[in-house]
2 protein chains.
Amino acid sequence: MVTIKDIAKKSGVSVGTVSNVINNLKSVKTKNREKVLEVIDSLDYKPNKIAASLSKKKTMNVGLIVPDVSSPFYSDLIKGISETLEINDYNIFLCASNNNLQKEEKVINDLLSMWIDGIILIPVYSKKRNLQFLETIEIPIILVNREIEGIKKDIVIFDNFGGAYEATDFLIKNNHKIIPILGGPELSKSFEERFQGWKEAMEENSLYENSLVFRGDFSVESGHKMMLEALNRIRSIDAVFASSDLIALGALSAIDEYKLKVPDDISVMGFGDIYLSKFLKPSLTTIRRPFYNIGKTAVSLLLDRISGNMQKKITKFIIKGKLEIRDSVKVSIDN
Amino acid sequence: MVTIKDIAKKSGVSVGTVSNVINNLKSVKTKNREKVLEVIDSLDYKPNKIAASLSKKKTMNVGLIVPDVSSPFYSDLIKGISETLEINDYNIFLCASNNNLQKEEKVINDLLSMWIDGIILIPVYSKKRNLQFLETIEIPIILVNREIEGIKKDIVIFDNFGGAYEATDFLIKNNHKIIPILGGPELSKSFEERFQGWKEAMEENSLYENSLVFRGDFSVESGHKMMLEALNRIRSIDAVFASSDLIALGALSAIDEYKLKVPDDISVMGFGDIYLSKFLKPSLTTIRRPFYNIGKTAVSLLLDRISGNMQKKITKFIIKGKLEIRDSVKVSIDN
DNA sequence: GTGAAAGCGCTAACAC
DNA sequence: GTGTTAGCGCTTTCAC
């Protein structure tokens with residue numbers, strides 16, 4: 001292994017000077033700089049960041065904790081985060097919490113002992129959380145996508161309420177009246193917000209009824225099951241608001257089994273815009289979540305915190321979605 | 001910040017003893033161990049891995065380089081890698097090469113200066129590569145999914161040839177005769193292998209013809225375009241072998257535009273088994289790539305290399321795919 | 001079993 | 001501008 005000492009010796013300068021060259025600090029005499037650079041090149045020297053970190057007490061690494069590394073939902077989020085961090089010369093430690101609170105806590109602790117400069121956390125969703133724990137962490141930590149009640153940390157979230165309201169309103173404006181919701185679990189805050197958005201739009205038009213609410217989880221299977229139930233229980237469904245694209249997918253196949261046509265017989269509104277939604281037959285009308293931007297915003301926030309030039313007050317970014325009008329919702333001409 | 005010194009002082013022992021407690025080394029007197037553990041707990045001390053790494057010359061970190069962090073293709077691979085590494089107490093540096101050779105080289109260099117213990121690399125695909133560069137790296141490096149000609153490194157790849165052969169053979173066995181291939185780019189080795197697999201199966205049955213070959217890239221749009229071309233040029237297509245699921249997706253919509261039915265009029269065979277393939281209408285018959293296992297295998301190899309107890313000879317794992325029979329291929333009864 | 005101390009590779013403060 | 005050196009927090013060797 002070649003170290004800064006070797007470079008210093010062979011260049012005929014001191015380690016301090018070599019360090020200055022490497023870090024572009026101070027003005028090193030051109031002659032020396034060139035000599036040092038030449039030696040570095042000839043010995044294929046790579047500065048040891050571990051040692052530099054220990055000395056500087058700064059690692060230029062940040063930890064990213066996601067509930068599931070393989071989830072297609074987070075891929076764009078991860079991309080936004082990773083690209084933005086990279087531009088700023090930070091590296092990422094990728095960790096998975098596997099949707100498990102204990103694991104999440106373990107992972108955070110692991111990260112802390114690696115002296116990372118900050119954490120971006122997509123929290124595990126759960127009603128009861130050990131708030132204390134997060135509050136004591138000294139380094140900056142940004143929450144993404146899922147809110148934790150009572151935690152005083154910066155956060156970037158998606159506007160679930162507004163998106164669901166817009167989606168439902170769009171259905172209503174296009175002459176749909178009986179619009180059940182195929183919901184996610186009640187303890188999920190993001191679903192709860194989507195539910196509220198749907199409910200508000202429905203109530204404003206005196207369309208709300210308790211019997212229109214179906215509960216399940218975010219999966220395709222659950223969507224399938226809820227849709228069958230809805231078709232069973234409700235006579236003339238105009239449209240269905242699926243609170244996730246996967247649920248919509250399940251709904252689509254259930255409707256297909258009933259020999260009904262989308263959107264002619266029933267319109268289907270998704271939520272989330274996963275990668276393949278536009279390739280489905282019919283392509284899915286849905287609410288796009290700008291995950292890349294959410295990631296980017298989270299990183300900006302984090303870097304501001306790391307640099308320290310930011311007010312103490314915590315910040316909350318609520319990123320709006322966008323309605324993607326495709327083929328699964330019947331649009332009325334007089335709209 | 002609380003350090004090992006603080007613990008030592010407060011526990012009334014030396015730093016050496018504290019270190020021994022932390023690392024479960026030697027036998028520390030039970031009394032002392034308990035005292036130290038108690039103090040560690042009370043001060044919420046977290047050992048600094050950076051410092052430990054510098055001292056031990058081992059970081060327990062490995063670098064993972066993927067062409068695109070947001071690609072759904074790699075998500076299961078990343079999961080297999082991350083879960084297997086985690087079990088072994090390693091952490092991951094996630095880096096993206098953005099399908100760019102220069103970027104890939106930069107990222108590798110960045111990783112090297114972080115003193116990681118090894119690298120798992122999904123290489124950028126390209127015909128001309130700077131082999132020299134990879135060969136000089138001192139730490140273990142495992143190639144995954146894409147081969148680089150002439151590089152003497154351990155590698156874990158998917159059996160593209162075998163998978164394509166099996167897929168095509170399945171079509172033929174089910175009475176399909178005119179089976180064009182919707183191909184990827186010629187410079188992609190993995191596609192080239194799929195092409196060869198298709199070709200071999202076709203030739204063995206005297207079904208091969210040059211005019212059955214269509215070239216594009218791996219995208220949905222390309223699949224759509226190639227399929228339209230095929231429908232235009234070839235009279236009675238029995239089935240189509242799409243060399244990726246995305247291509248199959250594009251083909252499906254092109255066939256739909258032609259008012260033809262899958263699988264009644266034309267069968268469609270995909271390749272790759274992406275997440276949503278089984279939710280399409282009709283669900284896609286395809287070759288599943290066991291990415292999770294590929295990732296797991298790569299990690300095993302890497303850890304063996306890191307531990308040093310492995311022969312010098314390089315290893316090449318070729319992981320077989322699995323035919324997923326679903327609805328897009330018409331199965332003959334007499335099969 | 002335990003303590004003292006050298007040293008991992010680098011940075012930064014200070015003297016010149 | 002440059003060299004010297006203390007020190008970052010930890011591990012490990014070697015006395016005791």
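# Two DNA strands and two protein chains

Reader: Which residues are closest to DNA strand C?

Author: DNA strand C is surrounded by 27 residues, a residue being near a molecule or strand if one of its heavy atoms lies within 4 Å of it. Both chains contribute to the closest group, which consists of Ser14(B), Asn32(B), Ile4(A), Tyr45(A) and Ser55(A).

Reader: What pLDDT is required before side-chain atom pairs count?

Author: Residues are numbered from 1 along each chain as its sequence is written, chains are lettered from A and ligands numbered from 1 in the order in which they are written, and side-chain values use heavy atoms, with hydrogens and water left out. The model is predicted: totals for chains, interfaces and linings use all residues, local features need pLDDT of at least 70, and side-chain atom pairs count only at pLDDT 80 or more.

Reader: Which helix gives the most to the surface near DNA strand C?

Author: Helices and strands are DSSP runs numbered from the N terminus (helices are H or I, at least four residues; strands are E, at least two). H2 and H4 of chain A, together with H2 and H4 of chain B, each supply at least two residues of this surface. The greatest contribution, 4 residues, comes from H4(A).

Reader: Which part of DNA strand C does a polar side-chain atom of Ser55(B) approach at 3.3 Å?

Author: Polar contacts are pairs of N or O atoms within 3.5 Å; within protein, one must be able to donate a hydrogen and the other to accept it, and residues adjacent in sequence count only if both atoms are side-chain atoms. Ser55(A) places a polar side-chain atom 2.6 Å from a sugar or linking oxygen of DNA strand C. For Ser55(B), the partner at 3.3 Å is a base nitrogen.

Reader: How much of the atoms of DNA strand D within 4 Å of the protein do sugar and phosphate account for?

Author: DNA strand D has 28 residues around it, with Ser14(A), Asn32(A), Ile4(B), Tyr45(B) and Ser55(B) the closest. Of the atoms of DNA strand D that come within 4 Å of the protein, the share of sugar and phosphate is 72%.

Reader: How far is an N or O atom in the side chain of Asn32(A) from a phosphate oxygen of DNA strand D?

Author: A backbone N or O atom of Lys29(A) lies 2.8 Å from a phosphate oxygen of DNA strand D, and a polar side-chain atom of Ser55(A) is 3.2 Å from a base nitrogen of that strand. For the side chain of Asn32(A), the distance to a phosphate oxygen is 2.2 Å.

Reader: How many residues of the surface near DNA strand D are charged?

Author: Residues are sorted into three classes: Ala, Val, Leu, Ile, Met, Phe, Trp, Tyr, Cys and Pro count as nonpolar, Asp, Glu, Lys and Arg as charged, and the others, Gly among them, as polar. H4(B) gives the most to the surface near DNA strand D, with 4 residues. That surface has 10 nonpolar and 13 polar residues, and the charged ones number 5.

Reader: What area do chain A and chain B bury between them?

Author: Contact, meaning heavy atoms within 4.5 Å, takes 46 residues from chain A and 46 residues from chain B. Buried area is the accessible area (1.4 Å probe) that two parts lose on being put together, summed over both. Carbon and sulfur atoms hold 66% of the area buried here, which is about 4,400 Å².

Reader: Which residue of chain B meets Lys79(A) in a salt bridge?

Author: A salt bridge is a side-chain nitrogen of Lys or Arg within 4 Å of a carboxyl oxygen of Asp or Glu. The interface of chain A and chain B has 4 salt bridges by this rule. In one of them, with N to O at 3.4 Å, the partner of Lys79(A) is Asp68(B).

Reader: Which residue in E2(B) stands opposite Leu94(A)?

Author: Two strands pair if DSSP finds at least two bridges between them. E2(A) and strand E2 (residues 91-96) of chain B run antiparallel and are joined by 3 bridges. Opposite Leu94(A) stands Ile92(B).

Reader: How far apart in sequence are the parts that Glu192(B) and Arg215(B) tie together?

Author: Glu192(B) and Arg215(B) form a salt bridge, with the closest N and O atoms 3.8 Å apart. Glu192(B) lies in helix H9 (residues 189-204) and Arg215(B) in strand E7 (residues 213-215) of chain B, so the parts tied together are apart in sequence by 23 residues.

Reader: Which residue does a cis peptide bond join to Val262(A)?

Author: The bond in question has omega of about 5 degrees. The partner is found in the loop between H11 and strand E9 (267-269) of chain A. The residue joined to Val262(A) is Pro263(A).
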